[in-house]
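Open the model in your viewer and keep the selection tool ready. This tour goes stop by stop, saying what to select and what is there.

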Amino acid sequence: MSSTTAGQKGVEAVKNKQWAAAIPLLDKALEDSNSPKWLLARAQANQQLNNLEAALQDAELAYHSAAERGSGDSRKNMIEAQYRRATLYFRLGRYADSDCCAKWSMLLAEGRPAGENDGVEKNVDENGNYTVTYEQGVADKEGQPGKGEGGNGNALSLASGSNLKTGFETDWNRAYAWRTQTLGRLKHLPADHPGRKVNVTKIPARPEKRKVEQKPVQPVEDSDSEDEVVPAEPTAPEPGSVPDEKMKLRIDFYQSNQNVTISVFAKDLKKDELKVEFSSNSVRISPIPREAAPYVVPGTREATSTIIFGGEIVPEGSRWSATPRKIELVVQKKVPGVKWSTWGEEKIGEWDGATEVVSSIPAASASPPAAKENIKTATAPAYPTSSKSGPKNWDKLEVGDEEEKDGDPNAFFKHLYKDATPEQQRAMMKSFIESNGTALSTDWNDVSKRKVEMIPPEGVEPKKWEP
């Protein structure tokens, strides 16, 4: 097999996440070449197999090789090499060095000269600790490419430095997102942590070309395919790699004539940091941790969820509460008695269609709901049901709430259960019993497919009952 063929197959194996299979192919290809593309592919494979020092050596050699070649792909490869250095230094616990490399990747993507003395690594205090803050990193968008008009990545647009398109907008966004994760980690490190020290230079020392001893990879037993490899240890997803659809939260709801109660489930919520803003057609919540995307940090788009309601509400009459695992929204219907067919939909980030936002009302200080009214629903056909009493004609159902008996805390739930459909009643019974009375859902399509977890109130510790 020629070096070119081995290199092409090695790059393809990396694209298919066949890390261990890619290494010997790229080793052979790089015996007679210093191709930046092949070096970067091997660096990525080594990183996934936890050969971090070998991966760092490949990334640094790729930077030098790309700079020396000066071909059309050189800047792209240099951007990638600096970004790969950033991810590797993060894995090695050198967080200040990681942020410096991510910043250099951004500068190259903006079209700045590779040899520019930008002083990124000089942002240190008298103790040698890195001084760039998370807030400064989030606000660092002045040179973001693509804001201006025109530009196509040629020499003229790269040299202009006027926010024109450089062709590397995606690379810039990726490095920017990585900085938010790195600076977020730095923010919580002790003052004397070695990860705060800057020991990196913009142009790395050129490593010697040598064969790096790889960690042994155990073969897969009973495999029928020669290409079968042992999967690498799972690693955290890179910033921007998780699509919005996978970051969406689990949401349940139930309703009465006056209100709709929406439960938003997430882990590790911090009530004191939550910001909940109602409008007449939506609610914006942030910051929200994403289990599927642990790189999400407060201040980024992915840390905000906007729930677009299934009907209009009265923001001033709505309230919310939160525990470490759930946010509960109690929203007042604008038109009492009208049944919502759905709670709505969730959008990641802010939503342009939101009406004027009203400051959130904490549950403890929420104003009492508006006076209840008796309303008749619009004409509707009788629906089939498994009830012994036969089908219900919703035309003739009075929507007004019955008077609750004084001192009966279960009156509301009795009323809710009585007016629910058989399917909703099954969902309520299953969710209530399986969660030991800590959750109530009317969505049978959801709870029928899973066991409903117990979610105790904040400050309550569940214990197994022993007779």
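**Stop 1: H3 and H5**

Select H3 and H5: H3 passes H5 in a left-handed crossing. A crossing is left-handed if the near helix is turned anticlockwise from the far one by less than a right angle, and right-handed if clockwise. Helices (H or I, at least four residues) and strands (E, at least two) are DSSP runs, numbered from the N terminus.

This is a predicted model, in which local features need pLDDT of at least 70 and side-chain atom pairs count only at pLDDT 80 or more, while totals for chains, interfaces and linings use all residues. Residues are numbered from 1 along each chain as its sequence is written, and side-chain values use heavy atoms, with hydrogens and water left out.

To find H5, select residues 74–91. The axes of H3 and H5 are 11 Å apart, and the two helices pack at an angle of about 20 degrees. Axes are lines fitted to C-alpha atoms, for helices over the stretch in contact, and angles run from 0 to 180 degrees between N-to-C directions. The angle makes H3 roughly parallel to H5. Angles under 35 degrees count as roughly parallel, over 145 as roughly antiparallel, 65 to 115 as roughly perpendicular and the rest as oblique.

Now show side chains. From H3, pick Pro36, Leu40, Ala43, Gln44 and Gln47. They meet Asn77, Glu80, Ala81, Arg84, Thr87, Leu88 and Arg91 in H5. Contact here means heavy atoms within 4.5 Å. By class, the contact of H3 with H5 divides into five nonpolar, four polar and three charged residues. Ala, Val, Leu, Ile, Met, Phe, Trp, Tyr, Cys and Pro count as nonpolar, Asp, Glu, Lys and Arg as charged, and the others, Gly among them, as polar.

**Stop 2: H3 and H4**

Keep H3 (residues 36–48) and add H4 (residues 52–69). Their axes come within 8 Å and cross at roughly 165 degrees. That makes H3 roughly antiparallel to H4. The crossing of this pair, H3 and H4, is left-handed.

Which residues of H3 and H4 make the contact? On H3, select Pro36, Leu39, Leu40, Arg42, Ala43, Asn46 and Gln47. On H4, select Leu52, Ala54, Ala55, Asp58, Ala59, Leu61, Ala62, Ser65, Ala66 and Arg69. The contact of H3 with H4 has 11 nonpolar, three polar and three charged residues.

Next, select Asn50, in the loop between H3 and H4. Phi of Asn50 is near 70 degrees, a positive value in a residue other than glycine. Asn50 is partly exposed, with a relative accessible area of 32%. Buried means under 20% relative accessible area, exposed over 50%, and partly exposed in between (1.4 Å probe, protein chains only).

**Stop 3: H1 and H3**

Go to H1, residues 3–15. H1 and H3 pack at an angle of about 40 degrees, with their axes 10 Å apart. That makes H1 oblique to H3. H1 passes H3 in a left-handed crossing.

Ser3, Thr4, Gly7, Gln8, Val11 and Val14 of H1 are in contact with Lys37, Trp38, Ala41, Gln44 and Ala45 of H3. These residues of H1 and H3 comprise five nonpolar, five polar and one charged.

Then select Lys17, in the loop between H1 and helix H2 (19–29). Is Lys17 buried or exposed? At 61% relative accessibility, Lys17 counts as exposed. Lys17 has a positive phi of about 65 degrees although it is not a glycine.

**Stop 4: the loop between E4 and E5**

Select Pro287, in the loop between E4 and E5. A cis peptide bond joins Ser286 and Pro287, with omega about -10 degrees.

Tyr295 lies in the loop between strand E4 (282–286) and strand E5 (305–309). Tyr295 is buried, with a relative accessible area of 6%. Now add Gln181: Tyr295 and Gln181 are 114 residues apart in sequence, and 5.8 Å apart in space, C-alpha to C-alpha.

**Stop 5: Trp320**

Select Trp320 in strand E6 (residues 313–323). At 8% relative accessibility, Trp320 counts as buried. Add Val276, 44 residues from Trp320 in sequence and 7.9 Å away in space, C-alpha to C-alpha.

**Last stop: the chain**

Zoom out. The protein chain has 13 helices and eight strands. Of its 467 residues, 44% count as buried. Among contacts in the chain between residues at least 6 apart in sequence, 64% join residues at least 24 apart.
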